[in-house]
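Good morning, colleagues. I would like to take you through one structure today, part by part. Please have the sequence and the view in front of you.

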Amino acid sequence: MGIKAIRAYQVDLPLFEGSYNWSGGKSVSVFDSTVIEVETTEGITGWGEVCPLGPFYLPAFAAGVRAGLKELGPHLIGYDACEIGVLNQRMDAALQGHPYVKSGIDMACWDILGKAAGLPVCTLLGGRSGEDITLYRAISQESPEEMAGKVAKYRAEGYRRFQLKVGGDPDIDIQRIHAVAAKLEPGDRLVADANTGWSLHEAMRVVLAVRDVDVYIEQPCRTYEECLSVRRHTNHPFVLDENIDSLEMLMRAQRELAMDVVNIKISKLGGITKARQVRDLCVSLGIAMTIEDSWGGDIVTAAVAHLAHSTPEASRFTSTDFNSYVTVSIAEGAPQRVNGKMSASLTPGLGITPRLDVLGDCVVEVS
Ligand code: MG
């Protein structure tokens, strides 16, 4: 089933809450997402999506997805969309690095493979584990009082896991963690995600100041070595995210017992294929996972649901329903949150149908 054409569409995804704020004053109000269409010679078309968290989170930016597709796309025309391993080798041979550029093509090819096989991607990735997937709600960085005030609202929407955006002034972050923790109920779980924002001495102060709080600490500092040092000085359960951007980094971090939970983002690793490889290794090694992406709309949310739902329940920590944060729906059939949970579609492929009127005209076409 040869690849005949690759097209990209640009969509703006505004936020219901106006903006999303995290460490170091970083903020996004309208996400710039790229939807990727892969058309095959057999008439089956697959869809993917890549949406960086702005240009200042990971080494990725929205226009880079489109520029990368222009560079990479011509090398893939004629290759079999269903031979995803071969296709990934081809992508890596044609373009060094740039995993986020490859992610949308890989995602679209999983959609094609599922449609061709008549099976949901979740089944192809190992099979459905459990009834549904537990979601977390990110609490955008605001004053301690505002952040604490949002817990009841999100809990009313069914969320029981809260990811607090810290990584700012450590004195205020300590207040943020205490203020939100005071609102928790039995069964809730709290993660303080600094998104690399603290220097080493700031991180050490924060973990000491919240030592009696039941909270996970996520990616406190920029470098892996700094995070490892914090990890070795705290008893809090520990999550690594930004630093785990390859299989090699996962292996190193596992050897050094650097974390209890890993955050797997599909585009950070280069697509479903590579995310699944890391996922499967984490399952075998006993490392729990947050399974998600950097950001996205309905298509990314569908892909996250398939990868998460095909992960053994015991290895899942949490996931995200990005499509509930944004005001624009780009596809029908995407998972919808029900009581803080979602599930993967039972329809072949990713189970989504793009809203072509929302996508508009393509901005990149390679054929
Ligand atoms: Mg994180």
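**Two domains and what lies between them**

Let me begin with a distance: the C-alpha centres of domain 1 and domain 2 lie 22 Å apart. Please bear in mind throughout that this is a predicted model. As for the division of the protein chain, domain 1 comprises 3-118 + 354-366, and domain 2 covers 123-353. Between the two, 43 residues of domain 1 are in contact with 54 residues of domain 2.

I turn now to the interior. The largest nonpolar core has 114 residues, and those that touch the most other members are Phe31, Ile105, Ile177, Leu240, Trp295 and Ile299. Domain 1 and domain 2 both contribute residues to this core, so it lies between them. There is also a second, separate core of six residues, among them Val191, Tyr216, Val261 and Phe317.

Which residues does isoleucine 177 touch, if those up to four places away in sequence are not counted? They are Leu164, Val166, Leu190, Ala192, Val206, Val210, Val213 and Val215.

Next, the sheets. The first one I shall describe is an open sheet of four strands, in the order S5-S4-S1-S18, with antiparallel pairing. Its edge strands are S5 (45-50) and S18 (364-366), each of which pairs on one side only. On average, and with direction ignored, neighbouring strands of this sheet are turned by 15° against each other.

Within this sheet, strand S1 (residues 3-14) and strand S4 (residues 30-40) run antiparallel and are joined by eleven bridges. To give one example, isoleucine 3 has threonine 40 in S4 as its bridge partner. Helix H3 (residues 99-117) packs on the sheet, where it touches S1, S4 and S5. The direction of helix H3 makes about 150° with that of S5. Helix H12 (residues 298-309), for its part, lies across S4 and S5 and runs at about 100° to S5.

The other sheet to consider is an open one of eight strands, with parallel pairing and the order S7-S8-S9-S10-S11-S12-S13-S14. Strand S7 (136-139) and strand S14 (316-319) stand at its edges with a single partner strand each, so one side of each has no neighbour in the sheet. From one strand to the next, the twist averages 25°. Three bridges connect strand S13 (residues 288-292) with S14, and these strands run parallel. Threonine 290 stands opposite threonine 318 in S14.

This brings me to the metal site. Which residues coordinate the magnesium ion? They are Asp193 (OD), Glu218 (OE) and Asp241 (OD), at 2.1 to 2.3 Å. The spacing of these donor residues in sequence is D-x24-E-x22-D. Aspartate 193 belongs to strand S9 (residues 189-193) and glutamate 218 to strand S10 (residues 216-218); the pair is 25 residues apart and links distant parts of the chain.

Are these two residues buried or exposed? Aspartate 193 counts as buried because its relative accessibility is 1%, under the 20% limit. Glutamate 218 likewise counts as buried, because its relative accessibility is 2%.

I close with glutamine 277, which is placed in helix H11 (residues 272-285). Because its relative accessibility is 44%, glutamine 277 counts as partly exposed. Glutamine 277 and leucine 247 are 30 residues apart in sequence, and their C-alpha atoms are 8.0 Å apart in space.

Definitions and conventions
Residues numbered from 1 in each chain as written. Predicted model: local features only at pLDDT ≥ 70, side-chain atom pairs only at ≥ 80, totals over all residues. Heavy atoms only, no water. Core = buried A, V, L, I, M, F, W, Y, C linked by side-chain atoms within 4.5 Å. Buried < 20%, exposed > 50% of the residue type's maximum accessible area, 1.4 Å probe, protein only. Domains from an automatic or database assignment. Contact = heavy atoms within 4.5 Å. Donors = N, O, S within 2.8 Å, 3.2 Å for Na, K, Ca; no water. Helix = DSSP H or I, 4+ residues; strand = E, 2+ residues; numbered from the N terminus. Pairing = 2+ DSSP bridges. Axes fitted to C-alpha atoms, helices over the stretch in contact; angles between N-to-C directions.
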